[in-house]
Amino acid sequence: MHFKVRAAAKEDCKEISRMIMELAVYENMPDQVKTSHEDLERDGFSPNPFYECLVAEVPDEHKTKDGHCLAGRSTCGHVSVSGQRQPASSSLCVGGQDTLGSSTRQVKRLKCCPNDGYTVVGYALYFYTYSTWKGRSVYMEDLYVMPDFRGKGIGTGLMAKVAQVGVEKQCVRLQFSVLEWNKPSLDFYIAKGAEDLTAKEGWHFLRFHGQSLDTLAKEAPKD
Amino acid sequence: MDRFKLRKAEPKDVPDILRLIKELAKYEDMEDQVILTEKDLLEDGFGDHPFYHCIVAEVPSEKQSNNSPVVIGFAMYYFTYDPWIGKLLYLEDFFVMEEYRGFGIGSEILKLLSHTAVKTRCSSMHFIVAEGNQASIEFYKRRGAADLSLEEGWRLFKIDKSSLLKMSSGPKE
């Protein structure tokens, strides 16, 4: 299947946000996603971006047929003033007024789904880090391809482009993290020469989050 | 030890920062893995596109008659991004020289980093610790840190430059 990998544009943030949620569902942690596509737009496309992103696109003839908005939801519907959910259809997707039979009702747009399927089917989100031992590095935070488009080289294509960007920026290595139960991903990365540093050198990820971060911050010396 | 001071690192601190990086690597039994030079640190931290930020801890020198300060600790950090929660502060290196430990300098550095994280709208401060480094793990856990490798099963991977070059020059789509 022919596909194209390109740098994400601000307009892609809604699609990226959709796929971030799909990846979180796959990792069994959907309730941990707090960012909106507006956050992604602000944080990735301002003068001082905090990440860079690549998207993988397929031509229109290969786009998805079903138009799912969020993983797990089977319809994307609009809710009428009376509160009754209406099934998705192209006639309702314009929002505003809806005429059904002889009556006209105000229809509130619940979620705007494209009427036709998606062409953006994968993404890789990464940023630059720094190793005090080796210097510039690139960290791939997310790599995701929609289930129907796996096994066609798209994940490899996305990762190769991240590698290319890293090499151009004189990065000495690419790092990322994988959940220990995620065997398909572990196999995918090891086949490409990845080393498990948690197994080999005993590195563990730690964090201060929420309350623990706030508590420490309050005790900081005043400026 | 009530006369230490924490401040933002300046270009003149680069030789001290490299000295401390090597001391930390030695503490982790990986001294031969440091290939970074003072020139790299200067360009990468104080050039047009800084890849890191640094705080240093200094104390008045007892050996010099004018008591000019000596750098005895540092923390290097940068900003990363979690698509689920947004901006994060990532703590790359954190070290206080052995003879200056136990005086609260490390704690004060950690508090300043946390304050920086909150001030810059970061949701979280992340870092990695080798599981053999029990003293450091205890230091962090006492202050409320969670071990995500144990709690959620995250494993750190790397791909080195030779494999990166191979991947980036692979067959085009």
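Q: Leaving aside its neighbours within four places in sequence, with which residues is A:E141 in contact?
A: In this predicted model, and with those sequence neighbours set aside, A:E141 touches A:L125, A:Y126 and A:F127 in its own chain, and also B:Y81, B:D82 and B:P83 in chain B. The residue has its place in strand β8 of chain A, which covers residues 135-145, and its C-alpha atom is separated by 9.9 Å from that of A:C53, although the two are 88 residues apart along the chain.

Q: Is A:E141 buried, partly exposed or exposed?
A: The middle class runs between 20% and 50% relative accessible area, and because A:E141 has a relative accessibility of 24%, it counts as partly exposed.

Q: How many residues does each chain bring to the contact between chain B and chain A, and how much area do they bury?
A: Chain B brings 73 residues to the contact and chain A brings 75, and between them the two chains bury about 7800 Å², of which 63% lies on carbon and sulfur atoms. Within the area that chain B buries against chain A, B:Y81, B:W84 and B:F157 supply 14%, more than any other three residues.

Q: What joins strand β10 of chain A to strand β7 of chain B?
A: Two bridges join strand β10 (residues 195-196) of chain A to strand β7 (residues 154-160) of chain B, and the two strands run antiparallel. In this pairing A:D196 stands opposite B:F157 in β7 of chain B.

Q: How should I read the polar side of the interface, and how many residue pairs are in polar contact there?
A: Between chain B and chain A, 34 residue pairs are in polar contact, counting pairs with both residues at pLDDT 80 or more. On the side of chain B that touches chain A, helix α3 (residues 105-119) of chain B gives the most, with nine residues, and by class that side has 38 nonpolar, 13 polar and 22 charged residues.

Q: Which charged pairs form salt bridges, and how many are found across the interface?
A: Side chains of opposite charge can pair when their charged atoms come close. A search of the whole structure finds 21 salt bridges over all chains, and across the interface of chain B and chain A the rule finds six. Including the interface, two cases show how the distances read: B:K158 forms a salt bridge with A:E195, with the closest N and O atoms 3.9 Å apart, and B:E43 forms one with A:R136, with the closest N and O atoms 3.5 Å apart. The latter pair crosses between chains, from helix α2 (residues 38-46) of chain B to strand β8 of chain A; B:E43 is partly exposed at a relative accessible area of 44%, whereas A:R136 is buried at 15%.

Q: Where do B:R19 and B:E23 lie?
A: Both lie in helix α1 (residues 14-27) of chain B, four residues apart, about one turn of the helix. Their salt bridge has its closest N and O atoms 3.6 Å apart, and B:R19 counts as partly exposed at 28% relative accessibility, as does B:E23 at 28%.

Q: Which residues are linked with A:R42 in a network of salt bridges?
A: The network links A:D39, A:R42, A:D43 and B:R121. Within it, A:R42 forms a salt bridge with A:D43, with the closest N and O atoms 2.9 Å apart. A:R42 is partly exposed, with a relative accessible area of 39%, whereas A:D43, at 2% relative accessibility, counts as buried.

Methods. Residues are numbered from 1 along each chain as its sequence is written. Chains are lettered from A and ligands numbered from 1 in the order in which they are written. This is a predicted model: local features need pLDDT of at least 70, side-chain atom pairs count only at pLDDT 80 or more; totals for chains, interfaces and linings use all residues. Side-chain values use heavy atoms; hydrogens and water are left out. Contact means heavy atoms within 4.5 Å. Buried area is the accessible area (1.4 Å probe) that two parts lose on being put together, summed over both. A salt bridge is a side-chain nitrogen of Lys or Arg within 4 Å of a carboxyl oxygen of Asp or Glu. A polar contact is a pair of N or O atoms within 3.5 Å; within protein, one must be able to donate a hydrogen and the other to accept it, and residues adjacent in sequence count only if both atoms are side-chain atoms. Ala, Val, Leu, Ile, Met, Phe, Trp, Tyr, Cys and Pro count as nonpolar, Asp, Glu, Lys and Arg as charged, and the others, Gly among them, as polar. Two strands pair if DSSP finds at least two bridges between them. Buried means under 20% relative accessible area, exposed over 50%, partly exposed in between (1.4 Å probe, protein chains only).
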